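Biologist: I should like to learn how helix packing and chain contacts are read from a model. Could we work through one example together?

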Amino acid sequence: MKRSWPYILGLLMLMPAGVSAQQPDGDKAAKAALDGAGRASESGQPGEAGQTAINDQAIALGVDPLSLITVTPGGPPVRIPIAVPDSMKIGDNIDEAGLGRALAEVIRNDLTMSGLFEVLPVETYGLVNAAKEGVTQSTIQFDSWYNVGASVLVKAHYKVTHDKAEFEFAVFNIDSASPVPLSMGKRQVNPGNVRAVAHEFVNKLIGYFTGTDGVFGTRILFAAQGRNNFRTIRSFETDGFGGSTYDVPEAINVMPEWGPKGGVLYTQLSTKGDNIFLYAGKALTQLTDFEGWASGADYCPKAGKIAFTGAREQNGNIYVMDADGSNLVQLTDMPDSIQTSPSWSPDCKRLAFVSSYSGKPQIYIINADGTGMRRLTWVGNYNTTPDWSPKGDLIAFTARDERNVFDIFTINVNTGEVMRLTQDQGHNREPSWSPDGRYIVFESTRDGKQPRLYLMNQDGRWQTRISATPGLKTPVWHP
Amino acid sequence: MKRIFMTSCLVMGLIGAVGCASQEPATDLLKDAAAAMENTGNAKECAAETYALAQNALKEAQAAQEAGDVETARQKARLAQTLAKQAKEEAEMNAEECERRKHASAAVEEILNDELTGGPAFVLDDSFKVIYFDFDESFLSTSAVQDLQANVAVLKAKPEMRVILAAHTDDRGTTEYNLALSQRRGDAVKAHAVSLGVDASRMSVVPYGKEMPASHGTREQDYALNRRVEFVAR
């Protein structure tokens with residue numbers, strides 16, 4: 001009768017390693033192609049031979065190599081069933097003003113997005129007489145919550161003192177009828193900060209179950225459709241709320257990035273040339289002065305360096321400069337091709353970037369000193385927008401398949417193993433990792449022509465829309 | 001109690017008109033607070049937490065007023081008003097996102113809203129032809145070369161004229177690679193014009209990638225119209 005809650009917990013703790021170690025479960029051809037790609041990259045100097053072998057195999061099967069890679073189920077459904085009833089006011093145990101419901105909705109939304117919990121629908125909580133429950137163990141109706149289907153129960157009570165709300169959180173293991181030790185305690189909250197406390201609680205809850213705190217309530221930066229043809233630089237929290245717009249001059253401002261001094265970097269497209277600007281502490285600084293074109297800054301905080309695409313004559317190439325625009329160094333010098341979209345490795349020692357040197361855009365890797373350049377992707381003919389994971393093992397990127405559909409993939413930097421994360425859901429582009437490496441935010445056209453922002457687990461599971469607003473592009477998660 | 005307050009205020013008013021402005025009657029403050037709550041726009045949905053705190057303060061103010069605790073009523077009414085204002089500001093920040101979520105089920109409406117207005121970046125001069133490109137390519141096709149020759153003739157006839165070569169892609173592909181691709185298109189046009197005798201310094205390429213479509217549709221012919229380089233007189 002008892003469910004094996006510790007077993008579920010065990011699976012969750014193992015999940016990051018377990019999932020990434022999994023081999024795709026596709027047909028033999030897919031496996032052969034992937035193994036081929038893996039071997040080719042492992043050898044360090046893959047050469048065109050490896051790619052030719054994969055292509056030959058694919059042509060023999062009558063398919064494009066990229067279509068051999070399909071989304072693979074990411075392991076067993078290990079989400080923990082959790083109940084989060086509306087928070088009640090201490091004393092009368094009602095929630096007349098709706099503050100408790102607002103708090104619980106933020107928590108429920110975060111937990112759903114996390115992919116770690118299955119939030120049981122509030123309508124099914126009717127078995128429990130909530131008016132009789134407090135936040136102490138003796139008041140919890142464990143049998144009733146068990147019948148609701150919950151393994152974990154979140155309770156929060158509140159009271160309001162003058163303009164401050166005071167919350168008290170408690171978490172219970174329903175299967176063992178015992179409290180879960182969670183260091184949150186009572187929290188006094190100013191108006192406007194209720195959502196922040198809800199996010200903090202969820203992050204600690206995730207930390208308890210997985211060993212690493214969550215990242216909900218952190219910010220995501222993006223370019224948004226402005227009036228006329230302008231673009232504005234904006235950011236909001238992981239759930240699409242708490243929006244703010246950066247007060248920079250109206251222009252076609254694109255490809256924002258979290259910059260030095262707590263500011264944002266962005267590219268302004270203009271008849272004076274495309275250039276990179278830093279907006280920090282309400283001051284605007286133009287960091288580049290390329291007559292042709294400079295774009296797509298990527299900032300590596302540990303080294304204080306900005307990588308970007310610059311073009312002096314015809315060719316885009318990768319450049320690196322200091323955070324203030326000084327010490328400009330040209331990293332690549334490839335003729336008659338496009339080099340663009342640099343992305344730092346987390347230790348700032350390497351860069352992934354796009355090069356069309358082989359004819360079509362592919363992902364390459366280069367050391368920060370300009371040595372050791374190698375091609376990383378060998379499957380597909382349009383691989384762009386690399387984003388290096390914070391753990392350093394994976395690079396997420398956008399690829400185009402033979403139907404001219406764009407989807408998000410990851411490639412393991414060391415083994416070359418490619419995984420497809422999105423499929424048959426409109427165009428999916430411009431991935432960016434969460435700071436904990438658990439999630440990827442990306443743009444998707446599955447709801448309409450203009451992209452909206454979505455979230456998914458690093459293996460492609462639990463894809464959730466985080467914003468209903470159309471025309472949001474090139475999201476970047478705060479590191 | 002209420003009557004006593006009103007009376008004392010009246011008396012003070014007669015004596016020296018002191019205090020009544022700062023000691024506004026609680027009833028007025030309550031009215032103001034209630035009005036502020038009415039005037040929070042969509043804060044109930046879009047700034048639910050602060051709206052709830054405001055509502056709580058207003059209820060406490062009303063309760064205190066009924067219980068005859070005028071000082072508390074006044075204080076809570078002021079608080080309710082402040083919180084209502086804050087909720088309104090928060091809601092305005094979240095307005096677009098929040099409103100769209102309310103109507104998220106109306107998928108058709110969303111798609112209609114996706115059709116953006118606005119046209120090409122520049123008012124184009126009829127004397128120049130737009131140079132079009134093949135999908136994912138930056139080489140000049142035979143027809144593109146012919147159109148470019150016509151533009152070169154215009155430039156040669158007006159030797160003082162300088163132009164921007166505004167270069168674009170269709171909106172498939174990714175943002176930055178498209179930016180780079182559009183620059184290569186601009187460069188291809190510029191290089192060919194130079195080979196036909198136009199001074200390079202008269203032309204500057206500005207890549208716009210996929211950010212400025214000439215057509216917002218998603219048919220193949222829309223994409224074809226967007227893969228282009230425009231001559232814009234400076």
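Modeller: Certainly; please keep in mind that this is a predicted model. Let us begin with a pair of helices in chain B: helix 2 of chain B (residues 26–38) and helix 4 of chain B pack at an angle of about 155°, and their axes lie 11 Å apart.

Biologist: How is helix 2 of chain B oriented relative to helix 4 of chain B, parallel or antiparallel?

Modeller: Angles over 145 degrees count as roughly antiparallel. Helix 2 of chain B is therefore roughly antiparallel to helix 4 of chain B. The crossing of helix 2 of chain B and helix 4 of chain B is left-handed.

Biologist: Which residues in helix 2 of chain B meet helix 4 of chain B?

Modeller: The general idea is that an α-helix has 3.6 residues a turn, so residues three or four places apart point the same way. In this case, helix 2 of chain B contributes A26(B), L30(B), A33(B), A34(B) and M37(B). Their partners in helix 4 of chain B are A54(B), Q55(B), L58(B), A61(B), Q62(B) and Q65(B). By character, the residues of this contact between helix 2 and helix 4 of chain B comprise eight nonpolar, three polar and no charged.

Biologist: How many residues of helix 4 of chain B are buried?

Modeller: A residue is buried if 20 or more other C-beta atoms lie within 10 Å of its own. Helix 4 of chain B is mostly covered, with 14 of its 19 residues buried. From first C-alpha to last, helix 4 of chain B reaches 27 Å, close to the 27 Å expected at 1.5 Å a residue. After helix 4 of chain B comes G68(B), with a positive phi near 85°.

Biologist: How many residues does each chain bring to the contact between chain A and chain B?

Modeller: Chain B brings 45 residues and chain A brings 57 residues. On the side of chain B that touches chain A, helix 4 (48–66), helix 5 (70–102), helix 6 (107–114), helix 8 (175–195) and strand 3 (203–207) each supply at least two residues. Helix 5 of chain B gives the most, with ten residues. That side of chain B divides into 21 nonpolar, eleven polar and 13 charged residues.

Biologist: What is the overall make-up of chain B?

Modeller: Chain B has nine helices and four strands, arranged along the sequence as α-α-α-α-α-α-β-α-β-α-β-α-β. Of the 234 residues of chain B, 41% count as buried.

Definitions and conventions. Residues numbered from 1 in each chain as written. Chains lettered and ligands numbered in written order. Predicted model: local features only at pLDDT ≥ 70, side-chain atom pairs only at ≥ 80, totals over all residues. Contact = placed C-beta atoms within 7 Å. Nonpolar A, V, L, I, M, F, W, Y, C, P; charged D, E, K, R; others polar. Axes fitted to C-alpha atoms, helices over the stretch in contact; angles between N-to-C directions. Parallel < 35°, antiparallel > 145°, perpendicular 65-115°, else oblique. Left-handed = near helix turned anticlockwise from the far one by under 90°. Expected span 1.5 Å × (residues − 1). Buried ≥ 20, exposed ≤ 12 C-beta atoms within 10 Å, placed from the backbone.
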